[in-house]
There are 4 protein chains.
Amino acid sequence: MEMIYKRTAHYHETDQMAIVHHSNYIKWLEEARVYLMNKAGVPYSLMEAEGVLSPVLGVSIEYKRPVLFEETVYIHVEILEYTGVRFNVSYRVTNEDESVLHATGSSKHCFVSKTLRPVSLKKKYVKMHQLFEQVIG
Amino acid sequence: MEMIYKRTAHYHETDQMAIVHHSNYIKWLEEARVYLMNKAGVPYSLMEAEGVLSPVLGVSIEYKRPVLFEETVYIHVEILEYTGVRFNVSYRVTNEDESVLHATGSSKHCFVSKTLRPVSLKKKYVKMHQLFEQVIG
Amino acid sequence: MEMIYKRTAHYHETDQMAIVHHSNYIKWLEEARVYLMNKAGVPYSLMEAEGVLSPVLGVSIEYKRPVLFEETVYIHVEILEYTGVRFNVSYRVTNEDESVLHATGSSKHCFVSKTLRPVSLKKKYVKMHQLFEQVIG
Amino acid sequence: MEMIYKRTAHYHETDQMAIVHHSNYIKWLEEARVYLMNKAGVPYSLMEAEGVLSPVLGVSIEYKRPVLFEETVYIHVEILEYTGVRFNVSYRVTNEDESVLHATGSSKHCFVSKTLRPVSLKKKYVKMHQLFEQVIG
């Protein structure tokens with residue numbers, strides 16, 4: 001199930017090349033992920049309220065075409081894999097009609113408790129587990 | 001007691017005016033404050049370990065001369081007032097020989113518990129209170 | 001003429017106090033300012049295309065009530081003064097029904113050329129000048 | 001030729017998991033890269049003064065162990081490949097004695113003119129090209 005998160009580039013996100021600084025894409029991917037999980041009924045804030053954190057294990061981005069101040073990008077976000085213990089997310093950052101591909105990316109995540117110990121949703125948080133399975137579809 | 005915190009501007013701190021974005025100065029002032037408190041023997045990490053947080057109540061900056069990528073600034077930081085419950089900090093951002101004044105600023109702080117309730121260092125954390133009083137001198 | 005800019009706090013904007021880090025408010029004020037100027041018909045991108053930059057001369061914020069991850073704030077933004085050479089902006093950050101005041105702030109700005117030399121809109125950019133005068137009302 | 005860039009985590013870099021937010025590592029890698037190029041005699045600021053920009057084509061990070069506020073990391077940075085037109089950099093983020101591996105990463109870069117058109121250092125900037133070749137060793 002792919003979702004599309006829409007985002008306009010802020011002035012404070014530009015650098016002296018007059019393009020959005022590449023580190024901000026990492027923040028955008030997170031925003032898209034949060035958006036996806038809200039839509040899927042498993043908001044981060046709920047997860048954290050239940051004592052489950054979801055740190056990033058890895059992230060990878062290919063920058064294709066720069067994004068300028070005030071340009072609006074459309075981040076196509078999708079959970080590709082979910083094992084009950086880990087999940088992978090993929091991203092495509094495009095313009096509105098998808099004629100421009102700004103970037104592609106992926107990220108890997110696990111679940112941990114507030115003391116940062118690994119947690120299995122599948123075993124300990126069955127309802128969240130089911131919601132995740134639905135997102136994969 | 002004035003301390004000087006030295007800081008070089010990073011590329012990711014610039015914006016498309018080719019100067020350090022003004023929001024980063026707020027981060028720099030925090031870094032200078034953390035530096036001061038470390039030197040004064042009351043590091044933030046220790047305070048937080050004791051359950052005391054020190055949120056910012058207000059901050060004010062005048063921007064005089066832009067800072068460019070790779071320029072090094074010297075942040076002159078000083079606690080101006082300390083009441084046991086609140087404190088004020090002042091800042092001057094200059095170049096090395098102080099011939100250029102990049103910015104001046106001030107910030108106001110209080111102490112709170114981890115649940116964000118007001119805390120009096122003077123009453124509940126006597127040792128930290130004494131260290132703060134020494135910083136004022 | 002007051003405008004209201006709506007903004008939801010991102011995860012990457014929180015700090016280890018579990019509230020939005022105070023430096024992010026400065027970015028939010030900028031976003032609100034950009035929003036105001038877009039609505040007023042003088043978008044930053046247009047100004048910069050015409051060779052006019054608008055750096056921040058000063059900014060001041062009072063933090064009243066923290067903003068948490070996923071909370072939506074409403075930034076009430078207004079240009080209070082405009083002289084043809086400088087302008088001042090005021091801000092109030094509230095929740096939706098204005099029952100919670102998160103922060104108040106103000107900022108001061110001038111106009112400069114791309115080489116950072118002062119520029120008078122009133123003298124050199126008559127059309128933009130008129131638009132600014134309309135924003136004041 | 002591996003260089004080591006030392007960096008202490010700032011308070012404003014933490015998030016509500018009480019660890020350094022993963023997006024900041026991208027900034028740290030940039031800082032390490034800038035450090036490396038300064039040491040190698042090809043500072044970014046010089047490159048940009050000559051009209052050469054060096055955008056990021058891709059970046060990839062594996063997060064192994066979180067970094068906490070006030071912890072100091074050592075970023076081992078090395079240019080792995082340089083073709084005259086592109087280069088790849090690798091990174092390892094460790095503690096001082098390398099007993100803790102916080103993260104590993106890599107990034108890909110090219111050279112462009114100020115109008116963002118591809119540039120060959122090898123053909124157009126022979127001196128810089130030679131310096132780069134020395135960095136590879």
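Angles over 145 degrees between helix directions count as roughly antiparallel. In this predicted model, helix α1 (residues 23-39) of chain A packs against helix α1 (residues 23-39) of chain D at an angle of about 170°. The two helices are therefore roughly antiparallel to each other. Their axes lie 8 Å apart. Chain A contributes S23(A), I26(A) and K27(A) to this helix contact, and chain D contributes S23(D), I26(D) and K27(D). By class, two of these residues are nonpolar, two are polar and two are charged.

The contact between the two chains takes 25 residues from chain A and 25 residues from chain D. About 2,100 Å² is buried between them, and carbon and sulfur atoms give 58% of that area. On the chain D side, M17(D), H22(D) and Y63(D) lose the most area to chain A. Together they account for 25% of what that side buries. Two salt bridges are counted between chain D and chain A. In a salt bridge, the side chain of E62(A) meets that of K108(D), at 3.1 Å from N to O.

E62(A) also has a place in strand pairing: its bridge partner in β5(A) is T104(A). Strand β2 (residues 56-63) of chain A runs antiparallel to strand β5 (residues 101-110) of chain A, and seven bridges join the two. Strand β5(A) also pairs with strand β4 (residues 86-94) of chain A. This pairing is antiparallel and spans nine bridges. Within it, F87(A) stands opposite H109(A) of β5(A). Strands β4(A) and β5(A) form a hairpin, with six residues between them. In the turn, E98(A) has a positive phi of about 65°.

Notes: Residues are numbered from 1 along each chain as its sequence is written. Chains are lettered from A and ligands numbered from 1 in the order in which they are written. This is a predicted model: local features need pLDDT of at least 70, side-chain atom pairs count only at pLDDT 80 or more; totals for chains, interfaces and linings use all residues. Side-chain values use heavy atoms; hydrogens and water are left out. Two strands pair if DSSP finds at least two bridges between them. Helices (H or I, at least four residues) and strands (E, at least two) are DSSP runs, numbered from the N terminus. Axes are lines fitted to C-alpha atoms, for helices over the stretch in contact, and angles run from 0 to 180 degrees between N-to-C directions. Angles under 35 degrees count as roughly parallel, over 145 as roughly antiparallel, 65 to 115 as roughly perpendicular and the rest as oblique. Contact means heavy atoms within 4.5 Å. Ala, Val, Leu, Ile, Met, Phe, Trp, Tyr, Cys and Pro count as nonpolar, Asp, Glu, Lys and Arg as charged, and the others, Gly among them, as polar. Buried area is the accessible area (1.4 Å probe) that two parts lose on being put together, summed over both. A salt bridge is a side-chain nitrogen of Lys or Arg within 4 Å of a carboxyl oxygen of Asp or Glu.
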